[in-house]
Amino acid sequence: MNTIIKRNMQEFIAYPLSAEEVAERLKDKLQQSGVNLYSIVNHQEDMKQKGITIFPAYTFIFGNPVIGSQLIRLYPQATVDIPLRLAVIETNEGSNVIMRRMETLFTQEQLKNQELVAWCNKVNEILRKSIKL
């Protein structure tokens, strides 16, 4: 079983698969979970159109309006940070699925609000479940 590794503001899981295969699996999992999958950005394709060569990399943009509305109610300025995002990046060993821990979006002062902390914990768990393919 793959283990979540924590680094700075992010957590990731490594998979011995291509980024394309991991992206397909992640897409299927997100769609089955009932979230709104707003977009998948294929960075390699975007850059290729400009003549730039880069490793395969994707950003998934998705959300749950019920959970998002809870954040907007608690901290309206956080709308700049939603919908949620996950990244898939190909490495020499396979691919990483990367999430950003929600509490890193807020100051220590803001995190004194226990409702906001509870929201962050809830969303972090959703993200952790999402990246376990």
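**Exercise 1. Work out how strands E3 and E4 are joined in this predicted model, and find the partner of Asn36.**

Solution. Start with the direction of the two strands: E3 and E4 run antiparallel. Next, count the bridges between them, and you should arrive at six. Now pick out Asn36 and look across to E4, where its bridge partner is Gly63. The model you are looking at is a predicted one, so treat each step as a reading of that prediction.

**Exercise 2. Place the strands in their sheet and decide which of them stand at the edges.**

Solution. Begin with the order, which reads E1-E2-E6-E5-E4-E3 across an open sheet of six strands with antiparallel pairing. The edges are held by E1 (5–7) and E3; each has a single partner strand, so one side of each lacks a neighbour in the sheet. From one strand to the next, the twist averages 25 degrees.

Then take the pairings on the E1 side one at a time. E1 and E2 are antiparallel and share three bridges, and Arg7 stands opposite Gln10 in E2. These two strands make a hairpin with two residues between them, and Asn8 in the turn has a positive phi of about 50 degrees. Moving on, E2 is joined to E6 by six bridges, again antiparallel. Here Tyr15 stands opposite Ser95 in E6.

**Exercise 3. Find the buried side of helix H1 and say what covers it.**

Solution. First, get the helix itself: H1 covers residues 19–33, and its 15 residues reach 21 Å from the first C-alpha to the last, close to the 21 Å expected. Next, list its buried residues, which are Ala19, Val22, Ala23, Leu26 and Leu30. They take up an arc of only 100 degrees around the axis, which puts them on the same side of H1. A general rule helps with the spacing: an α-helix has 3.6 residues a turn, so residues three or four places apart point the same way.

Now turn the helix over. The face away from the buried side carries the exposed residues Glu20 and Gln32. Finally, ask what lies over the buried residues: the cover includes strands E2, E3, E4, E5 and E6, together with helix H4. As you leave H1, notice Gly34, which follows the helix and has a positive phi near 90 degrees.

**Exercise 4. Repeat the analysis for helix H4, beginning at its N-terminal end.**

Solution. At that end, Asn113 acts as the cap: one of its side-chain oxygens lies 2.8 Å from the backbone nitrogen of Glu115. The helix has 18 residues and spans 26 Å between its first and last C-alpha, close to the 26 Å expected. Its buried residues include Leu116, Trp119, Cys120, Val123, Leu127 and Arg128. The buried residues of H4 fall within an arc of 165 degrees seen down the axis, so they line one face of the helix. On the face turned away from that side you will find the exposed residues Gln114 and Lys129.

**Exercise 5. Decide whether Glu11 is buried or exposed, and identify its polar side-chain partner.**

Solution. Locate Glu11 in strand E2. Its relative accessibility is 0%, so Glu11 counts as buried. Then look for its partner: the side chain of Glu11 makes a polar contact with the side chain of Arg128 at 2.7 Å. Arg128 is a buried residue of H4, so this last step links back to Exercise 4. Leaving aside residues up to four places away in sequence, Glu11 also touches others, among them Ile4, Ile5, Val97, Ile98 and Met99.

Methods
Residues are numbered from 1 along each chain as its sequence is written. This is a predicted model: local features need pLDDT of at least 70, side-chain atom pairs count only at pLDDT 80 or more; totals for chains, interfaces and linings use all residues. Side-chain values use heavy atoms; hydrogens and water are left out. Helices (H or I, at least four residues) and strands (E, at least two) are DSSP runs, numbered from the N terminus. The expected span of a helix is 1.5 Å times one less than its number of residues. Buried means under 20% relative accessible area, exposed over 50%, partly exposed in between (1.4 Å probe, protein chains only). The arc is that of the directions from the helix axis to the C-beta atoms. Contact means heavy atoms within 4.5 Å. A polar contact is a pair of N or O atoms within 3.5 Å; within protein, one must be able to donate a hydrogen and the other to accept it, and residues adjacent in sequence count only if both atoms are side-chain atoms. Two strands pair if DSSP finds at least two bridges between them. Axes are lines fitted to C-alpha atoms, for helices over the stretch in contact, and angles run from 0 to 180 degrees between N-to-C directions.
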